[in-house]
Amino acid sequence: MRRHDIDPRTAAREYFNGQFSYAGNFPTLREMEAMLIASAIDSVKGNISAAAKILGITRQALHKQLKNRLR
């Protein structure tokens with residue numbers, strides 16, 4: 001598994017590498033959080049425990065985030 005303790009100052013450059021383009025409007029924090037969660041889950045083929053580890057949160061916290069998004 002890759003290391004995920006990267007320097008936050010370089011995170012966007014290393015992990016997004018221009019993937020997100022902003023046509024004058026930045027996504028909200030909630031939208032960006034949803035994109036990161038979805039990307040983490042996709043990258044580990046749905047393994048919630050592994051996705052939580054990538055995101056630096058507990059599995060329970062990730063489940064709570066997912067539950068809140070369904071409301």
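Which way does α2 pass α4, in a left-handed or a right-handed crossing? The close-ups below, all taken from a predicted model, start with that pair.

**View 1. Helix α2 passing helix α4.** The answer is a left-handed crossing of α2 with α4. Here α2 covers residues 29–43 and α4 covers residues 59–69; their axes come within 12 Å and cross at roughly 120°. That angle makes α2 oblique to α4, because it falls outside the 65 to 115 range that counts as roughly perpendicular and is not over 145.

**View 2. Who meets whom between α2 and α4.** On the α2 side, look for Arg 30, Glu 33, Ala 34, Ile 37 and Ile 41. Facing them from α4 are Leu 62, Gln 65, Leu 66, Asn 68 and Arg 69. It's a mixed bag: five of the contact residues are nonpolar, two are polar and three are charged.

**View 3. Helix α2 against helix α3.** Now swing over to α3, residues 48–55, which packs on α2 at an angle of about 130° with the axes 8 Å apart. So α2 is oblique to α3 as well, and this crossing is right-handed. From α2, the contact uses Leu 36, Ile 37, Ala 40, Ile 41 and Ser 43, while α3 brings Ile 48, Ala 51, Ile 54 and Leu 55. Sorted by type, that gives eight nonpolar residues, one polar and no charged ones.

**View 4. The largest nonpolar core.** Nine residues make up this core: Ile 37, Ala 40, Ile 41, Val 44, Ile 48, Ala 50, Ala 51, Ala 52 and Leu 62. Two elements, α2 and α3, each give two or more residues to the core. The largest share is the four residues from α3. As a rule of thumb, nonpolar side chains in soluble globular proteins tend to be buried together.

**View 5. A closer look at Ile 48.** This residue is found in helix α3 and is one of the nine residues of the largest nonpolar core. Is Ile 48 buried or exposed? Its relative accessibility is 19%, so Ile 48 counts as buried, the cut-off being under 20%. Leaving aside residues up to four places away in sequence, Ile 48 touches Ile 41, Arg 59, Leu 62, His 63 and Leu 66. Take Leu 62 as an example: Ile 48 and Leu 62 are 14 residues apart along the chain, and 7.5 Å separates their C-alpha atoms. Leu 62 also turns up in the contact of α4 with α2, and Ile 48 in the contact of α3 with α2.

Notes: Residues are numbered from 1 along each chain as its sequence is written. This is a predicted model: local features need pLDDT of at least 70, side-chain atom pairs count only at pLDDT 80 or more; totals for chains, interfaces and linings use all residues. Side-chain values use heavy atoms; hydrogens and water are left out. Axes are lines fitted to C-alpha atoms, for helices over the stretch in contact, and angles run from 0 to 180 degrees between N-to-C directions. Angles under 35 degrees count as roughly parallel, over 145 as roughly antiparallel, 65 to 115 as roughly perpendicular and the rest as oblique. A crossing is left-handed if the near helix is turned anticlockwise from the far one by less than a right angle, and right-handed if clockwise. Contact means heavy atoms within 4.5 Å. Ala, Val, Leu, Ile, Met, Phe, Trp, Tyr, Cys and Pro count as nonpolar, Asp, Glu, Lys and Arg as charged, and the others, Gly among them, as polar. A nonpolar core is a set of buried Ala, Val, Leu, Ile, Met, Phe, Trp, Tyr and Cys residues joined through side-chain atoms within 4.5 Å. Buried means under 20% relative accessible area, exposed over 50%, partly exposed in between (1.4 Å probe, protein chains only).
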